[in-house]
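Reader: I'm new to reading protein models and I'd love a close look at one part of this one. Could you take me through the aromatic rings, and then show me what else is worth a look?

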Amino acid sequence: MNIASIDTGTNTVLLLIASTKDGKNIIPVKELHRMPRMGEEVFRTGIIKQEKIVELCKIYSDYQKECEKYDVSKIVAAGTNVFRIAKNSDEVINRVFEASGIKMEIIPGEMEADCAYLGATADFDRNERIAVIDIGGGSSEVTCKEAENLIFRKSFTTGVVTLRENFLQEGMLTSKNRRKIEEFCDDYFKELSEMANFPKKAISIAGTPTTLFSLNKGYGEFYGDRIHKQLLAIEEIDSVLSLLYNLPFSEYSKFGPIIKGREDLLAAGAIILKTILKKTGLNSTFVSITGLRFGLILNYLQNHQSV
């Protein structure tokens, strides 16, 4: 049986089609990635642009056809932070449904954090005290668990798009705007320092850690098998940031396709990741290529054991 998930975020829209035989574990069959930037200016205006809605409808229609091709029996479609805050989210949901027949559900930040944890830790030992870090466009989720014991979980309502819109208007990373972002993040994520029990390790998901790891290794393209479950240290994050100083976003293409679409977002994501690691007493994180899209399917299967 094939099941699909659509992770509809502030920046990207990700499709995962996976197969399951036992109703518990999944094997990826097909993945697609689009970057419509649904959250463009939403944090200022409160409205998702009409042209972005049209683009999303086209993406969902394309994804629905892909699901038909793979005989998908269930599609779990979730909208994250940008849809939680936009005033016209109901319109978006209705138009997406009209275009594709797929019902997108706007999930709470806590559910997003739980599903991200479930997906990220799928091939790690969950008995260890692990923090999962999911840096998105409009929010950043941090969940720390040890086995079934929840230690900390929060969806912070800031992400790479919000920081870019507030601090990176110059079109490049400078020492001045880096300092402002660092000061903001240091204050914004301060409650992480008060976590009851610090994690023994972290797993980071989404585009920020995978891109940082790739650039540090000199990979111009995405190589999932070389990235998954590898360690990324704070010193390596700093090394990548040093490459970006005073370099116009338009010139980031020299690093290869791996950074395409993230030129103006990577520095903000790197500073968020570095801040979270420091606040949780860690100097490195594992990088995972799974995450929310995997967790959405695993969560569905857990709640539908008769599937």
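How many aromatic pairs does the count come to?

Author: Happy to. Keep in mind that this is a predicted model. The count comes to 11 aromatic pairs.

Let's start with F184 and Y188. Their ring centres are 5.2 Å apart and their planes meet at 20°, so this pair is stacked; the angle has to be under 30 degrees for that label. Where do these two sit along the chain? Both belong to helix α7, which covers residues 175–188, and because they are four residues apart there, about one helical turn separates them. Neither ring's residue is fully tucked away: F184 has 28% relative accessibility and counts as partly exposed, and Y188, at 27%, counts as partly exposed too.

Now put F249 and Y252 beside that. Here the ring centres are 5.6 Å apart and the planes stand at 90°, so the pair is edge-to-face. The surroundings are another matter to check, and both F249 and Y252 turn out to be buried.

Back to F184 and Y188 for a moment, since they have company. Together with F152, F156, F167 and F189, they form one aromatic cluster. If you're turning the model on your screen, try colouring those six in one go: F152, F156, F167, F184, Y188 and F189.

Rings can also have a charge sitting over them, and R226 is a nice one to zoom in on. Its charged end sits over the ring of Y219, 5.2 Å from the centre of that ring. R226 also lies over the face of Y223, at 4.1 Å from the ring centre. So you can pick out R226 and look for Y219 and Y223 beneath its charged end.

Next, the cysteines. A disulfide is a covalent bond between the sulfur atoms of two cysteines. In this model the count comes to zero disulfides. Why does C115 have no partner? The closest cysteine sulfur to its own is in C67, and that is 18 Å away, too far for a bond; the cut-off is 2.5 Å. C185 is in a similar spot: its closest cysteine sulfur belongs to C144, 20 Å away, which is again too far for a bond. Both cysteines are hidden, with C115 buried at 1% relative accessibility and C185 buried at 0%.

What about the hollows in the model? The largest pocket has a volume of about 840 Å³. It is lined by 40 residues, and the ones closest to its centre are L14, H33, A206, G207 and R262. Several elements contribute at least two lining residues each: the strands β2 (13–19), β3 (27–34) and β6 (129–135), plus the helices α8 (207–217) and α12 (292–303). The top contributor is α8, with four residues. As for chemistry, the lining holds 14 nonpolar, 18 polar and eight charged residues.

The second largest pocket contains about 270 Å³ of space. It has 15 lining residues, and K24, N25, I26, A122 and L298 are the closest to its centre. You've already met α12, and it is α12 that gives the largest share of this lining, four residues. By class, there are seven nonpolar, five polar and three charged residues in the lining of the second largest pocket.

Strand β2 came up as well, so have a look at A18, which is placed in that strand. A18 has a relative accessible area of 1%, so it is buried. To get a feel for distance, pick A18 and N88: they are 70 residues apart in sequence, and their C-alpha atoms are 31 Å apart in space.

Last stop: two loop residues with a backbone angle you may want to check. R37 has a phi near 55°, a positive value in a residue other than glycine. It is found in the loop between β3 and α1 (42–45), and with a relative accessible area of 15% R37 is buried. K229 has a positive phi too, near 70°, and is likewise a residue other than glycine. Its loop runs between α9 (224–227) and β10 (230–233). Is K229 buried or partly exposed? With a relative accessible area of 35%, K229 is partly exposed.

Definitions and conventions:
Residues are numbered from 1 along each chain as its sequence is written. This is a predicted model: local features need pLDDT of at least 70, side-chain atom pairs count only at pLDDT 80 or more; totals for chains, interfaces and linings use all residues. Side-chain values use heavy atoms; hydrogens and water are left out. On a 1 Å grid over the protein atoms alone, a cavity is a set of points where a 1.4 Å probe fits but cannot get out, and a pocket is an open set with protein on both sides within 12 Å along at least five of seven lines; lining residues have an atom within 4 Å of a point. Grid points are joined across faces, edges and corners, and a volume is the space filled by probe spheres set on the points. Ala, Val, Leu, Ile, Met, Phe, Trp, Tyr, Cys and Pro count as nonpolar, Asp, Glu, Lys and Arg as charged, and the others, Gly among them, as polar. Rings of Phe, Tyr and Trp (its six-membered ring) pair if their centres lie within 6.5 Å; planes under 30 degrees apart count as stacked, over 60 as edge-to-face and the rest as tilted. Buried means under 20% relative accessible area, exposed over 50%, partly exposed in between (1.4 Å probe, protein chains only). A charge sits over a ring if NZ of Lys or CZ of Arg is within 6 Å of the ring centre and within 35 degrees of the ring normal.
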